[in-house]
Amino acid sequence: MSQPDSTPPAASMSRRGFLRRGVVAATGVAAVAAALKPLLNAELELGDLTSLEKFLQQHYKELDKEEMAAVLERISREIEERYQIHPELTNVKPMDGVEFVYALNLSRCIGCRKCVHACVKENNQSRDPELQYIRVLEMPKGTIDIERGNHHYERPTVPDPDHFYMPIQCHQCANPPCVKVCPVEATWQETDGIVVIDYDWCIGCRYCEAACPYWARRFNFSQPKYASEQELKDDPEIIQKRLNPRMSYLSNRPRSVGVMEKCTYCLHRTRVGEMPACLEICPVGARKFGNVLDPASEVTQILRNKRIFVLKEDTGTLPRFFYYFDERRPQLRSGETDEIVQVTKMDAGGEA
Amino acid sequence: MRDYLTFLYRCFRISFVGGWRYHLWMLCLTIIALLGLNAYCKQLVDGLATTGMTDHVSWGLYIANFTFLVGMAAAAVMLVIPVYIYRNKDLHDLVIFGELLAVATIIMCLLFVTVDLGRPDRFSHLLRRFNFPLSMLTWDVIVLNGYLLLNLHITGYLIYCDYRRKEPNKTFFVIPFVFVAIVWAISIHTVTAFLYVGLGARPFWNSAIIAPRFLASAFSAGPAFNILTLQVIGRFTSYNIPRSALLLLRQIVLVALTINMFLLISELFTEFYAGKTHIASTRYLYFGLLGHNALVPWIWASIVLNSLALIILYLPVTRSLRLLNIACVFLIVGIWIEKGMGLIVPAFIPSPLGEIVEYTPTINEILVCLGIWAFGLLLYTIFVRVTIPVLSGRLTYDQPFEIATQD
Amino acid sequence: MTASSSGRKAFSAIEIVIAICFLGLVVWFLLGSGSVDVPSAMTPQIENRELLPLPMRFIQTDEPVTKIGGFTLRCNECHRLFSSPDEHASNLTQHRHIVLDHGINDRCYNCHDQEDRERLALRGNRSIPFTEVARLCAKCHGPTYRDWQMGMHGKSLGSWDPTSPQQHRLKCSECHDPHAPAYELHPPLPGPNTLRMNKMEHEILHGGEIEHVDPLRKWQIELHTTPKEDHDNLPQNEAPDAPAESEKRGDE
């Protein structure tokens with residue numbers, strides 16, 4: 001607003017008029033200031049602007065070893081302050097000669113949704129609002145049109161004999177549309193094929209979410225919460241119990257409000273040789289995971305021998321997530337009977 | 001330099017001077033803008049959960065308004081082309097108002113994009129790592145800001161020359177920029193349309209007709225808005241708006257709207273006649289899907305309004321301004337629905353996995369939008385308020401400020 | 001700032017209006033709440049035991065033993081003493097808790113070795129230890145055995161790397177009950193209940209019929225009070241399961 005001192009003297013301007021204008025201007029300033037009041041509620045939530053260190057943090061790919069160590073330390077400190085747990089925060093790099101592929105047996109999946117919740121538990125997703133990486137679709141037999149899928153099926157028991165079940169999560173595409181559209185390169189594909197997000201770089205424009213044909217990306221519309229207020233009242237330690245302390249920079253460390261997140265094939269586990277959480281929990285062994293560059297791996301065998309399809313192949317995304325079927329009840333086909341005989345012969349040989 | 005600062009200061013001062021109508025208008029806009037600011041602060045603190053957006057419908061009213069306003073901004077070119085290419089005399093003095101409108105709308109566009117960001121505090125990341133040319137969003141950042149600068153330059157230079165009572169050096173400082181701006185205006189549309197068209201995941205957008213329709217609808221809504229604002233200027237200021245100029249704009253609106261309606265028919269025919277499976281979103285928009293039909297009344301209202309506008313414009317009687325104005329209002333509202341809600345929201349419904357979650361904007365979100373609209377109109381009013389005394393020679397460097405205020 | 005005095009008066013009136021409006025805004029902002037209510041959907045509770053990555057069954061494949069009256073006995077400790085006729089499951093006098101539901105495979109000695117109860121029977125009077133149960137199953141389930149050998153059927157835990165010592169490929173009987181190998185039905189865990197979904201209704205397509213269901217009402221307690229004991233990490237050692245339903249999922 002205009003300051004009285006700098007105003008050039010005007011013939012018709014009286015002192016009183018001046019004062020009046022000053023008062024009006026002051027109310028205007030007060031109104032602007034009052035409009036900003038909600039910012040006071042922000043605690044330490046106002047993002048990167050509150051700390052120079054955060055504001056100046058480099059993109060993941062530009063951080064050298066020491067800078068990364070410093071960043072990890074800072075993030076651990078923040079997690080400790082906020083959630084009172086001591087995280088084992090690491091930055092796991094992709095392994096050489098490894099390209100991860102997922103295969104899911106649609107003949108086996110029973111739609112129990114255990115993978116959905118095991119994933120939430122492993123990857124520290126927000127519980128309120130609820131955020132899940134895996135969606136299980138129940139589809140009537142006789143179609144794989146996912147528009148006919150039911151996300152909200154509820155039955156006393158699964159599987160239903162008239163339906164089959166199709167879990168969908170990030171397909172870690174070899175030609176990922178989400179990576180292409182990101183204006184700030186906050187998401188990219190690593191050498192092992194996993195598409196990752198630098199949660200400290202994402203500006204939250206949600207263009208990637210619009211670009212993903214598998215609806216695999218999730219946005220933190222609020223600050224993630226790990227327990228409702230009622231749950232906290234019942235058990236003050238519940239957040240410490242729920243959070244998985246084993247975290248990595250690119251996967252399951254707690255996210256902040258306003259950034260995207262997605263399935264990373266549990267890279268903090270898989271990059272040290274372990275299985276992803278969704279696979280471990282699967283009660284029927286419908287999920288298969290491994291290194292597609294290794295000819296002996298389970299997934300390579302599946303890709304070679306099974307009937308495979310990928311979802312929405314027409315979008316050209318080249319997914320690293322394959323669906324396959326078993327031959328169901330192979331009855332009285334001469335070729336297969338021979339094989340049974342062959343196997344038993346092999347057994348006989350082994351025994352002899 | 002000193003002169004320039006004085007000029008800016010005078011511009012600033014004069015924007016507070018006016019009759020009671022002017023003050024009341026500005027007061028209303030300020031109040032709405034402040035309510036919007038307050039709502040945005042709440043959004044900053046609580047996150048985008050304060051909007052009606054979800055992981056299913058991840059873009060809503062903000063991006064819808066952004067899309068509509070990009071069209072409005074580019075429509076300035078529809079005043080520029082007749083003047084600079086066809087040497088039209090009527091519009092010559094009015095071009096600047098179109099360009100000022102472009103400046104105001106581009107600023108609104110940028111604000112709409114900013115409020116849509118989850119982490120606006122990381123805006124600097126755009127400068128530090130820019131995914132150009134792969135991401136269409138980076139193209140949009142470039143073309144929008146470029147268009148803003150171009151128009152700021154052209155209008156600023158012309159107004160400042162008038163203020164200095166100097167003949168503007170058109171060959172060097174205006175004409176080249178104007179021609180760049182003409183191409184640029186078309187590019188901001190095209191790029192914004194490509195933003196959506198390039199997404200193979202969304203069959204509703206992934207269609208070649210989106211970009212042409214974008215241009216056609218913008219070139220009808222933009223000049224229509226100019227017809228209205230020019231009349232307001234003519235009514236409330238001493239500035240003379242020739243009737244012939246308005247009728248020329250009417251001609252442009254008529255042609256653009258006809259093309260837009262033709263493209264709409266082509267689009268609908270292609271979608272529905274073949275009976276493909278990927279038309280769930282289109283079906284949702286026009287007829288509702290499995291009992292969900294939140295957008296159906298809106299889109300039909302839009303089609304009815306646009307058709308009415310078209311019919312009115314085709315009647316020769318509408319050379320009377322009253323009917324023309326009604327047609328313009330119909331058309332602007334119709335296009336706003338069509339380019340906003342009708343283009344952005346249905347692409348997300350059903351989700352790529354076939355789930356239907358509808359979108360209803362929250363009050364907070366609507367307040368933010370209204371705030372930005374009010375702020376944009378406030379800016380445009382100020383621009384006009386400054387420009388008119390300068391153009392009519394009452395606000396110049398060699399006259400005392402008070403002459404300018406005698407309106 | 002107009003010259004006429006009447007103009008000045010009007011001007012001051014508008015000034016007062018402006019000041020009052022601004023002050024009104026100040027009061028409005030300061031009194032108003034600083035935040036917006038965001039609808040929050042209750043997170044469904046999931047028992048931790050539902051999410052333990054453990055094999056489906058805990059059957060002691062390595063040790064052919066049974067528990068009788070609190071004592072752990074090896075099979076042959078009894079079977080050396082008593083002769084056991086070639087019985088059909090329906091007329092068992094011992095081991096009556098065993099529910100045999102394995103299709104046409106309904107004779108004990110199809111799988112168990114008649115001479116040595118601590119071994120399993122292959123064809124041609126040969127036998128294998130319990131640890132090699134997969135070869136027994138391969139007698140009939142050739143393609144599945146082949147798939148299992150290549151890692152295409154069944155479940156591996158520990159590591160995705162087949163050369164890693166951590167990798168543990170579960171054996172047939174770690175998931176399937178050999179006496180009733182078909183999988184039993186499970187209650188599904190709660191479905192999605194994400195942001196703002198609670199505001200709207202959702203449909204379930206039932207073969208073309210549409211049912212409207214409020215997702216918030218879907219995960220109410222009655223679904224979750226049906227406990228599933230067999231998910232406890234207690235070994236379930238050949239305990240009798242609930243009688244198999246007719247819709248049990250068939251398996252090769």
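1. The expected span of a helix is 1.5 Å times one less than its number of residues. Helix α2 of chain B (residues 20–46) has 27 residues, so it should span 39 Å, and its end C-alpha atoms are indeed 39 Å apart. Helices here are DSSP runs of H or I with at least four residues, strands are runs of E with at least two, and both are numbered from the N terminus. Right after α2(B) comes B:G47, with a positive phi near 85°.

2. Quick housekeeping: this is a predicted model, where local features need pLDDT of at least 70 and side-chain atom pairs count only at pLDDT 80 or more, while totals for chains, interfaces and linings use all residues. Residues are numbered from 1 along each chain as its sequence is written, with chains lettered from A and ligands numbered from 1 in the order in which they are written.

3. Now the helix pair in chain B. The axes of α7 (residues 136–163) and α16 (residues 363–391) come within 9 Å and cross at roughly 40° (axes are lines fitted to C-alpha atoms, for helices over the stretch in contact, and angles run from 0 to 180 degrees between N-to-C directions). That makes α7(B) oblique to α16(B) (under 35 degrees is roughly parallel, over 145 roughly antiparallel, 65 to 115 roughly perpendicular, the rest oblique).

4. Who touches whom? B:I159, B:D162 and B:Y163 of α7(B) meet B:T387, B:V390 and B:L391 of α16(B) (contact: C-beta atoms, placed from the backbone, within 7 Å).

5. Between chains A and C, the contact takes 76 residues from chain A and 69 residues from chain C. On the chain A side, α1(A) gives the most, with 9 residues.

How values were computed
Contact = placed C-beta atoms within 7 Å.
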